[in-house]
Amino acid sequence: MPGGMGKKLGQKVDIDFTLRKIFGKDSFRPVQREVINAGLDGHDVFLQAATSFGKSLCFQLPAVVDYGITIVISPLLALMNNQIASLRAAGINVATINSTTPHSVKTAILEDLKSGHPHTRLLYVTPEYCQLDNFRKHLRIVHEQRELARIAVDEAHCISEWGHDFRPSFKELNFFKREFPDVPMICCTATATDRVRDDVISILGLDRTKLKSFMMTTSRPNLHYEIRFKCDEEDHYDDFLAWLKGTYARRANNAARSQELSQRNERATNVPGIIYTLYRKDTEALAARLRNDGIGAKPYHAGLTTEQKDDHLHGWVANKVGYDVIVATTAFGMGIDKDNVRFVVHWQMPKSFEGFYQEAGRAGRDGKASICILYYSREDRDRAAMTMSREREKNANAKGSAAARGEQAMVNRIKSLQALIGYCEAVKNCRHKLIASYFGDESKAPCQWACDWHKDAKLLARKKDKGLASEEWCSTQRETGAYYDEYD
Ligand SMILES: Nc1ncnc2c1ncn2[C@@H]1O[C@H](COP(=O)(O)OP(=O)(O)OP(=O)(O)O)[C@@H](O)[C@H]1O
């Protein structure tokens with residue numbers, strides 16, 4: 001079947017067989033089977049599930065077993081490339097048209113579509129590409145031949161202006177239901193609030209009476225969430241270094257663990273992690289500082305050469321000596337499916353709640369315990385608020401509908417930042433619960449001492465008092481309206 005034509009109309013498919021034979025997985029994770037069957041039965045599907053749930057399989061497997069082609073719309077090259085590489089490795093006929101696709105390859109893909117009976121099972125494109133008349137013309141040909149199987153929208157929260165990552169071109173995806181109302185759509189996201197979900201469904205024009213929504217928990221019980229409080233006067237580097245060296249020492253000094261590691265040919269210092277910083281210059285300086293202290297750290301940001309980026313990324317993915325920790329700006333990690341990331345550290349407060357959740361979600365994709373530390377200071381909070389108000393001012397000078405749209409996006413970003421500040425300041429609630437409630441997730445969000453509050457609530461409150469800037473500072477801020485009350 002790989003690269004072949006999928007099932008013939010009316011043919012019954014054995015999805016368990018395909019899961020094992022093509023995707024090399026033993027069994028479905030909870031609810032994947034139901035989502036896949038809903039898609040195969042022709043329903044539109046909205047799937048919201050935690051980071052690393054396995055959302056991609058829910059449109060990839062139907063694409064392989066079903067008749068016709070699946071168009072996958074994805075916002076980022078890195079996300080596409082990662083999925084394409086693993087699908088190709090499984091022998092599936094997959095293609096992509098994006099800014100890096102050579103002209104000859106693009107022509108060949110379009111010729112395949114023009115035949116009306118494409119051999120390609122999955123075609124990954126950007127939302128911008130879907131706006132082109134030429135591409136739409138080719139899709140009409142495929143649709144006339146009844147071979148347009150389904151449309152998958154990855155990172156579907158980008159459709160909504162209420163989302164943290166709104167992309168105007170995503171809104172234009174309503175073209176699909178307008179032109180091909182009979183072609184099912186599946187929308188996947190890890191980060192949507194009630195409002196975003198509702199907006200996505202309306203914009204795409206999905207029929208609510210026939211839509212199958214799967215709202216899975218946002219909870220990642222194997223992740224341990226912790227806030228570490230700091231202020232500008234203190235450098236938190238030593239705190240982090242002590243923590244990391246302590247982890248190495250615990251692994252080395254535990255005889256059983258040490259033996260287990262050496263049997264697997266692993267090092268005590270192979271504790272893969274990501275440190276996110278807001279600024280490029282910090283990635284380089286921090287990585288160099290860590291190397292000086294004997295930690296295998298490499299920077300990663302858009303300003304590095306392609307060779308440097310490839311070297312750092314591949315060394316890290318392959319658990320190479322000297323490549324244990326990646327110090328990166330926030331785009332790093334999207335589409336990288338490294339399963340043994342044991343920690344994610346935010347060196348400063350990230351820009352949005354959703355960004356924090358997604359970045360922290362790069363940890364522990366193998367389901368094993370992993371830690372997510374966020375260093376929070378009120379000075380960082382203040383700087384983030386300042387940056388946002390400057391951007392808002394700049395936006396106010398724009399004109400017409402772009403300005404209105406920009407203002408709405410700003411309001412949403414401010415709300416998300418405020419929620420994140422509340423989360424950082426909170427000392428009276430479980431962090432898993434706070435995350436779930438931000439996303440309107442009513443499930444229980446289990447936490448087996450997997451957050452700083454559950455571990456020791458009194459200690460957490462004491463650390464906050466000690467670690468943050470003075471109360472005097474807070475009351476001045478409160479007077480100017482810049483200080484937010486606790487989230488919980
Ligand atoms: N049934 C399964 N059994 C074992 N592994 C699976 C199964 N389904 C998916 N996976 C694996 O889980 C990992 C995460 O899957 P995927 O990249 O689709 O996550 P995701 O839900 O899109 O997460 P994110 O939002 O973080 O990108 C991948 O390595 C994938 O191969």
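**Questions on helices, loops and the ligand shell**

User: Between which two helices is the loop that holds W449?

Analyst: The model is a predicted one. In this model, W449 belongs to a loop that follows one helix and precedes another, the second covering residues 452–455. The two helices that bound this loop are α17 and α18.

User: Is W449 buried or exposed?

Analyst: A residue is called exposed if 12 or fewer other C-beta atoms lie within 10 Å of its own. For W449 the count is 11 other C-beta atoms within 10 Å, and therefore the residue is exposed.

User: What is the phi of W449, a residue other than glycine?

Analyst: Most residues other than glycine have a negative phi. W449 departs from this sign, for its phi is positive. The value is near 55 degrees.

User: Which residue in the loop between α13 and β11 also has a positive phi without being a glycine?

Analyst: The loop in question runs between α13 (306–317) and β11. Its residue with a positive phi of about 55 degrees is partly exposed, because it has 15 C-beta neighbours inside 10 Å. That residue is N319.

User: Which residues of α17 are buried?

Analyst: Helix α17 comprises residues 431–438 and is mostly covered, as six of its eight residues are buried. Just after the helix, G440 has a positive phi of about 65 degrees. The buried residues of α17 are R431, H432, K433, L434, I435 and Y438.

User: What span is expected for α12 at 1.5 Å a residue?

Analyst: Helix α12 covers residues 280–292, which makes 13 residues. From its first C-alpha to its last it reaches 19 Å. This is close to the expected value of 18 Å.

User: Why do the buried residues of α12 lie on the same side, and how wide is their arc?

Analyst: The buried residues of this helix are T283, A287 and L290. An α-helix has 3.6 residues a turn, so residues three or four places apart point the same way. The buried residues are on the same side of α12 because the arc they cover around the axis is only 65 degrees.

User: Against which strands do the buried residues of α12 pack?

Analyst: On the other side of the helix, K281 and N292 are exposed. For K281 this is so because it has 11 other C-beta atoms within 10 Å. The buried residues, in turn, pack against two strands, β10 (297–300) and β11 (325–328).

User: At what angle do α5 and α6 pack?

Analyst: Helix α5 spans residues 103–114, and its axis is 8 Å from that of α6. The contact is made by L110, L113 and K114 of α5 with H138, I141 and V142 of α6. These residues divide into four nonpolar, one polar and one charged. The packing angle is about 35 degrees.

User: How far apart are the C-alpha atoms of I141 and G116?

Analyst: I141 lies in helix α6 (residues 133–144). Beyond its neighbours within four places in sequence, I141 is in contact with L113, K114 and G116. I141 and G116 are 25 residues apart along the chain, yet their C-alpha atoms are separated by 5.4 Å.

User: Which residues come nearest to the ligand?

Analyst: There are 16 residues around the ligand. This shell divides into five nonpolar, six polar and five charged residues. Those that come nearest are K25, T51, G54, K55 and S56.

Notes:
Residues numbered from 1 in each chain as written. Predicted model: local features only at pLDDT ≥ 70, side-chain atom pairs only at ≥ 80, totals over all residues. Helix = DSSP H or I, 4+ residues; strand = E, 2+ residues; numbered from the N terminus. Expected span 1.5 Å × (residues − 1). Buried ≥ 20, exposed ≤ 12 C-beta atoms within 10 Å, placed from the backbone. Arc of directions from axis to C-beta. Contact = placed C-beta atoms within 7 Å. Near = placed C-beta within 6 Å. Nonpolar A, V, L, I, M, F, W, Y, C, P; charged D, E, K, R; others polar. Axes fitted to C-alpha atoms, helices over the stretch in contact; angles between N-to-C directions.
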